[in-house]
Structure formats: C-alpha cells, structure tokens
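Biologist: I'd like to take a close look at the interior of this protein. Please walk me through its main nonpolar core and the residues around it, as you would for someone in their first year.

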Amino acid sequence: MQTGGSPSTQAHAVRPAEPADLPLLADIEDAADQLFTSVFGDVDWDPPSDGAERAAEPGILLVAGDPVVGFAHVLFLDGEAHLEQIAVHPSSMGQGIGTALLEAACLAAREAGFTEISLTTFADVPWNAPFYAARGFAVVEDLSPRHQALRAHEQAMGLDRHGPRVVMSRSLGGPAPPLAATS
C-alpha cells in the first residue's frame, strides 16, 4: 500500500481506516449513491452506514486518499470474504481510485487467508457488474447459504425493483505465501 507522494498519488494511497477517517465515510457513500439517480431516478434505500459501525464489523475497512476520498469495506463472515461496499466520492472518480481500493481489498482478504472474495451488485449498471467483470469477477450461479441470505436481505430492502442484482466472486489465487524471514 502506498504512502506519501504528490497529491495525485496520495489520492490512490490505500491504507487501513483510522478513527479520524470514520466520520467521513457516510458522506462519501451518500455522494457516490447519488450517481444512481441518473440510472434509477430517486432512490429510497437505507441511509449510508456510519463509519464507526463499519469499523466494528468483522473484516477490514480500507480508505484511499488524504483526506479520504473513497473506501472499501470487506466483511469476514461465515468463513467467507465479502466486499460489502466500495465508494469513491464523485469528485475523485475516474482516477483509478476504485480499482486501487478493489485490488487492496482483494490483497487484504488473501492475506487474511481467504481464497475467494464475493460481492453483490447491479447487473446492468456500468460501474457495477461490468466494472467488476473487467477486474476478474464472475457471476455466481450456485449461491452459498451466506449469499442467499445477502440476496434475501437486498430483496427485502427493495433493491431489486431498480434492476437485476447478481452475486459475483473472484479467486484470490490461494492463500498468500508466508512472508520470508529477514535477518
């Protein structure tokens, strides 16, 4: 993960979230969610999660930029790694920050011992399923009990009325090799 550098490289620097970052995350998610109005019209889904609530869940919470302009939240539940959310503030989109967050999330899940990571997303929104497919994710047809529960929750929230949702996953290539001893 990167640190320091010029302002443009700082926007791509991905690191674990710190307590000072947590209050910024809901505003980033809310701003990113506003992009869906261009596709769906008004959206009435649940408000963004509080950063402190996210940090308290089992998994990892990564942020990009200083100040923070995006985040990735990976849950570790029921023996699975699940990318619960990636959000980048619209003023910082188109700079590779979402991809940097995604790759850092996949690496962190692999380093935590997972061999696969999943997510749920809209099938037909260009910055959703097509974005992930271009980065090695594939639609999952045979859903695990955890994925079935996630989809049932999304259906209860009414997300499906905006368009088809899919579960996607990506192989992480097996567990990360152990770090070499240094002297």
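Modeller: Happy to! In this predicted model, the largest nonpolar core has 29 residues, and those touching the most other members are Leu83, Leu101, Leu102, Ile117, Tyr132 and Phe137. A nonpolar core here is a set of buried Ala, Val, Leu, Ile, Met, Phe, Trp, Tyr and Cys residues joined through side-chain atoms within 4.5 Å. Buried means under 20% relative accessible area, exposed over 50%, and partly exposed in between (1.4 Å probe, protein chains only).

Which elements build this core? Two or more residues each come from β2 (59-64), β3 (70-77), β4 (80-88), α5 (97-111), β5 (116-122), α6 (129-133) and β7 (165-171). Helix α5 gives the largest share, with eight residues. These names follow DSSP runs, numbered from the N terminus: helices (H or I) have at least four residues and strands (E) at least two.

Leucine 102 makes a good place to stand and look around. Setting aside neighbours within four places in sequence, leucine 102 is in contact (heavy atoms within 4.5 Å) with Leu83, Ile86, Phe131, Tyr132, Arg135, Phe137 and Arg170. There is also a second, separate core of nine residues, with Leu22, Leu25, Val63 and Ala87 among them.

Before going on, a word on the ground rules: residues are numbered from 1 along each chain as its sequence is written, and side-chain values use heavy atoms, with hydrogens and water left out. As for confidence, local features need pLDDT of at least 70 and side-chain atom pairs 80 or more, while totals for chains, interfaces and linings use all residues.

Now for the rings. The structure holds three aromatic pairs. Rings of Phe, Tyr and Trp (its six-membered ring) pair if their centres lie within 6.5 Å; planes under 30 degrees apart are stacked, over 60 edge-to-face, and the rest tilted. Phenylalanine 76 and phenylalanine 114 make a tilted pair, 4.6 Å centre to centre with 35° between the planes. Since phenylalanine 76 belongs to strand β3 and phenylalanine 114 to the loop between α5 and β5, this pair ties together parts that are 38 residues apart in sequence. Phenylalanine 76 is partly exposed, at 22% relative accessibility, whereas phenylalanine 114 is buried, at 15%.

Another pair joins tyrosine 132 and phenylalanine 137: this one is edge-to-face, with 5.6 Å between centres and 70° between the planes. Tyrosine 132 and phenylalanine 137 are both buried. Ring pairs also link Phe131, Tyr132 and Phe137 into a cluster.

Tyrosine 132 leads us on to a polar residue, threonine 121, which sits in strand β5. Is threonine 121 buried or exposed? With a relative accessibility of 3%, threonine 121 counts as buried. Leaving out neighbours within four places in sequence, threonine 121 is in contact with Asn128, Ala129, Tyr132, Pro164, Arg165, Val166 and Met168. One of these partners, asparagine 128, shares a polar contact of 3.1 Å with threonine 121, side chain to side chain. A polar contact is a pair of N or O atoms within 3.5 Å; within protein, one must be able to donate a hydrogen and the other to accept it, and residues adjacent in sequence count only if both atoms are side-chain atoms.

Asparagine 128 lies in the loop between β5 and α6, and at 7% relative accessibility asparagine 128 is buried as well. A polar atom of the asparagine 128 side chain is also 3.3 Å from the backbone nitrogen of phenylalanine 122.

Val166 and Met168 turn up again around valine 139, in strand β6 (residues 138-139). Apart from neighbours within four places in sequence, valine 139 is in contact with Val166, Val167 and Met168. The C-alpha atoms of valine 139 and serine 169 are 6.6 Å apart, although 30 residues separate them along the chain. Valine 139 is partly exposed, at 44% relative accessible area.

Back in strand β3 we find leucine 75, buried at 5% relative accessible area. Beyond its neighbours within four places in sequence, leucine 75 is in contact with Glu57, Pro58, Gly59, Glu80, Ala81, His82 and Glu84.

Finally, step back to the whole protein: it has seven helices and seven strands. Of its 183 residues, 43% count as buried. Among contacts between residues at least 6 apart in sequence, 68% join residues at least 24 apart.
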